Amino acid sequence: MTAKIAYDEVEVGTELPAQSFPVTRATLVRYAGASGDFNPIHWNEKFAKEVGLPDVIAHGMFTMAEAIRVVTDWTGDPGAVVEYGCRFTRPVVVPNDDQGALIEVSGKVAAKLDDHTVRVDLTATSAGQKVLGMSRAVVRLA
């Protein structure tokens, strides 16, 4: 695959289409099975509260993966992501109800770099609070 976005057509400040990602307890159980991360803070409400959390929380790596989807959907090629990193600033709290939580992600081209690459800065929030800090990706465009 090749990125469908052309480097020459992108400017600093270009906004990527924002997306919202629902997260339920069932989502967390499926992710735990796929990742092998069965830490009880991600599925056991009693345990999560005993260790001082407000409720069950989403896996940090799951949150990070959902956020980068804004970039991979924009480029049309997951392989276009050259580098990606972030800090986990707040947990995504996932209540045991029919709605769960929502991760809302937006992105903007922050810099044009060499070799047809750009740096995209992402903002990820849940329940009105920023859940990822310094979330940045370097992406190779067409």
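## Briefing: a buried histidine, a charged network and a nonpolar core

The side chain of His 42 comes within 2.8 Å of the backbone oxygen of Ile 57, a polar contact (a pair of N or O atoms within 3.5 Å; within protein, one must be able to donate a hydrogen and the other to accept it, and residues adjacent in sequence count only if both atoms are side-chain atoms). Please keep in mind that this is a predicted model: local features need pLDDT of at least 70, side-chain atom pairs count only at pLDDT 80 or more, and totals for chains, interfaces and linings use all residues. Residues are numbered from 1 along each chain as its sequence is written, and side-chain values use heavy atoms, with hydrogens and water left out.

**Around His 42**

- His 42 sits in the loop between helix H1 (25-35) and helix H2; helices (H or I, at least four residues) and strands (E, at least two) are DSSP runs, numbered from the N terminus.
- Is His 42 buried or exposed? His 42 counts as buried, at 7% relative accessibility, where buried means under 20% relative accessible area, exposed over 50%, and partly exposed in between (1.4 Å probe, protein chains only).
- Leaving aside neighbours within four places in sequence, His 42 is in contact with Leu 28, Asp 37, Val 56, Ile 57, Ala 58 and His 59; contact means heavy atoms within 4.5 Å.

**The charged network**

- A search of the whole structure turns up eight salt bridges, each defined as a side-chain nitrogen of Lys or Arg within 4 Å of a carboxyl oxygen of Asp or Glu.
- One of them pairs Arg 25 with Glu 45, with the closest N and O atoms 3.4 Å apart. Arg 25 belongs to helix H1 and Glu 45 to helix H2, so this pair ties together parts that are 20 residues apart in sequence.
- Arg 25 also forms a salt bridge with Asp 55, where the closest N and O atoms are 2.7 Å apart. Asp 55 lies in the loop between H2 and H3, so here the parts tied together are 30 residues apart in sequence.
- Glu 45 in turn forms a salt bridge with Lys 49, the closest N and O atoms being 3.3 Å apart. Both are in helix H2, and because they are four residues apart, about one helical turn separates them.
- Which residues are joined into one network by salt bridges that share partners? They are Arg 25, Glu 45, Lys 49 and Asp 55.
- Within this network, Arg 25 is buried at 14% relative accessibility and Asp 55 is buried at 11%, whereas Glu 45 is partly exposed at 28% and Lys 49 is partly exposed at 44%.
- Not counting residues up to four places away in sequence, Asp 55 touches Arg 25, Glu 45, Ala 48, Lys 49, Val 93, Val 94 and Pro 95.

**The nonpolar core**

- The largest nonpolar core has 32 residues, and Trp 74, Val 105, Val 120, Leu 122, Val 139 and Leu 141 touch the most other members. Such a core is a set of buried Ala, Val, Leu, Ile, Met, Phe, Trp, Tyr and Cys residues joined through side-chain atoms within 4.5 Å.
- At least two core residues come from each of strand E1 (15-23), helix H3 (60-75), strand E3 (101-112), strand E4 (117-126) and strand E5 (129-140). The largest share, six residues, is supplied by H3.
- Val 139 touches Val 71, Thr 75, Ala 80, Val 82, His 116, Thr 117, Val 118 and Val 120, again not counting residues up to four places away in sequence.

**Strands and the E3-E4 turn**

- E1 and E3 run antiparallel and are joined by seven bridges; two strands pair if DSSP finds at least two bridges between them. Leu 16 has Gly 107 in E3 as its bridge partner.
- E3 and E4 also run antiparallel, with eight bridges between them. The bridge partner of Ser 106 in E4 is Thr 123.
- E3 and E4 form a hairpin with four residues between them.
- In the turn, Asp 115 has a positive phi of about 60° although it is not a glycine, and Asp 115 is exposed with a relative accessible area of 55%.
- His 116 is also found in the loop between E3 and E4. Its phi is near 60°, a positive value in a residue other than glycine, and His 116 is partly exposed with a relative accessible area of 36%.

**Record annotation**

- UniProt lists residues 13-124 for "domain: MaoC-like" in an unreviewed entry; its positions are given in the numbering used here, feature names are shortened, and annotations may be inferred rather than shown by experiment.
- Over residues 13-124 the chain is 29% helix and 33% strand, with the end C-alpha atoms 17 Å apart.
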